[in-house]
Amino acid sequence: MSSFSVFRSLVPRLGARYSSHATVRQKTLTDIKKLYKAKEPLAVITAHDYITGRIADSSEKLDIILIGDSLAMVSKGYASTLEIPFDDYYYACKSVLRGVNQKFVIADLPFGSFEASVSQCVESAVKLMKLGKIGSLKVEGGFEHGEQIKRLIEIGIPVTGHIGLKPQQFNAVGGYRVQGRKAQDAANIIKEAEYLRDIGCSMLLLECIPHKVAQYLTEKLDIPTIGIGSGPGTSAQVLVQADLLGMLDSPTAKFVQKYMNFHSEAVNAIDHYVGDVKSGTFPNIETHSYPIKEEEFEAMEKILQQDH
Ligand code: KIV
């Protein structure tokens with residue numbers, strides 16, 4: 001057997017460790033609506049690449065994966081979501097989607113890919129939808145992007161609205177601040193939510209608004225609300241996966257619940273590995289190495305001697 005075919009014969013075994021070949025049906029908007037109608041609280045997390053896509057897709061209980069443009073800051077290191085080029089976001093979506101088989105997926109329209117015109121918006125949206133596996137596109141904004149949102153819905157793309165704090169517009173509101181604390185601001189958020197519902201949005205993400213306003217809205221609307229930093233009264237909750245797993249060593253917002261400290265566990269694991277390499281306990285001949293038959297090794301030595 002050539003070394004190439006030996007390697008090829010290993011691939012299915014290696015592949016089986018990293019990817020699921022199970023034929024599962026991917027969840028649809030109809031599945032999500034059924035859960036919403038049954039008043040089941042929905043859980044959403046973000047995924048930003050193949051690994052986090054696999055982790056999210058492997059959770060039996062999770063309902064929705066959001067390929068949030070937060071990936072610009074969290075996994076690409078940009079200072080804001082404004083800075084990520086569309087193509088970088090697009091390639092990140094491709095990576096996530098290769099890891100997703102079963103969950104309903106929402107993807108973002110990143111900053112700069114939809115604001116200029118309805119046709120720019122449709123072009124970006126079609127490019128993303130052609131990746132397959134995306135069930136809804138999220139548009140940050142309300143009244144200001146109404147024409148774009150209406151057109152997407154007309155051409156059969158379910159839209160998730162995103163109001164309250166709109167990180168793509170953080171410059172206009174002086175930073176990442178809670179929105180809707182004053183009566184008029186809260187009333188504007190309610191009107192914007194009703195507008196988005198009326199033009200056909202399937203779901204609404206409510207970011208950083210007072211919990212009473214989020215609950216009021218959720219009770220008033222007949223579409224699922226996905227809350228982040230908006231209290232327990234929404235139909236769904238979303239967290240950025242890197243926040244909930246403690247993947248970064250930077251402080252998180254007040255509304256984040258960390259369920260593990262991945263960053264420090266990972267650093268400890270790396271130090272453990274380095275210690276094993278330096279002490280010679282890794283790799284172990286029995287468990288981590290591939291043998292060669294004695295006669296093959298001797299024959300190799302003979303070949304080398306003849307060649308000299
Ligand atoms: O981009 C994102 O991850 C978001 C968060 C609000 C969840 O939209």
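Select D31 first. In this predicted model, D31 is buried, at 14% relative accessibility. Buried here means under 20% relative accessible area, so D31 qualifies.

Now add R25. Its side chain and that of D31 form a salt bridge, 3.1 Å from N to O. R25 is exposed, with a relative accessible area of 53%. The pair therefore joins a buried acid to an exposed base.

Next, select D108 and K138. Their side chains meet in a salt bridge at 2.7 Å, N to O. The two residues sit 30 apart and link distant parts of the chain. Show strand 3, residues 104-108, to find D108. Show strand 4, residues 136-140, to find K138. Are these two partners buried or exposed? Both D108 and K138 are buried.

Move to R197 and D198. This salt bridge has an N to O distance of 2.7 Å. D198 is exposed, at 57% relative accessibility. R197 counts as partly exposed, at 23%. The cut-off for buried is under 20%, so R197 falls outside that class.

Then pick E144, K166 and E192 together. A network of salt bridges links these three residues.

How many salt bridges does the count come to? The count is 11 salt bridges.

Finally, zoom out and colour by domain. The assignment gives domain 1 as residues 24-260. Domain 2 covers residues 265-307. Place a C-alpha centre on each domain: the two centres lie 47 Å apart.

Methods. Residues numbered from 1 in each chain as written. Predicted model: local features only at pLDDT ≥ 70, side-chain atom pairs only at ≥ 80, totals over all residues. Heavy atoms only, no water. Domains from an automatic or database assignment. Salt bridge = Lys/Arg side-chain N within 4 Å of Asp/Glu carboxyl O. Buried < 20%, exposed > 50% of the residue type's maximum accessible area, 1.4 Å probe, protein only. Helix = DSSP H or I, 4+ residues; strand = E, 2+ residues; numbered from the N terminus.
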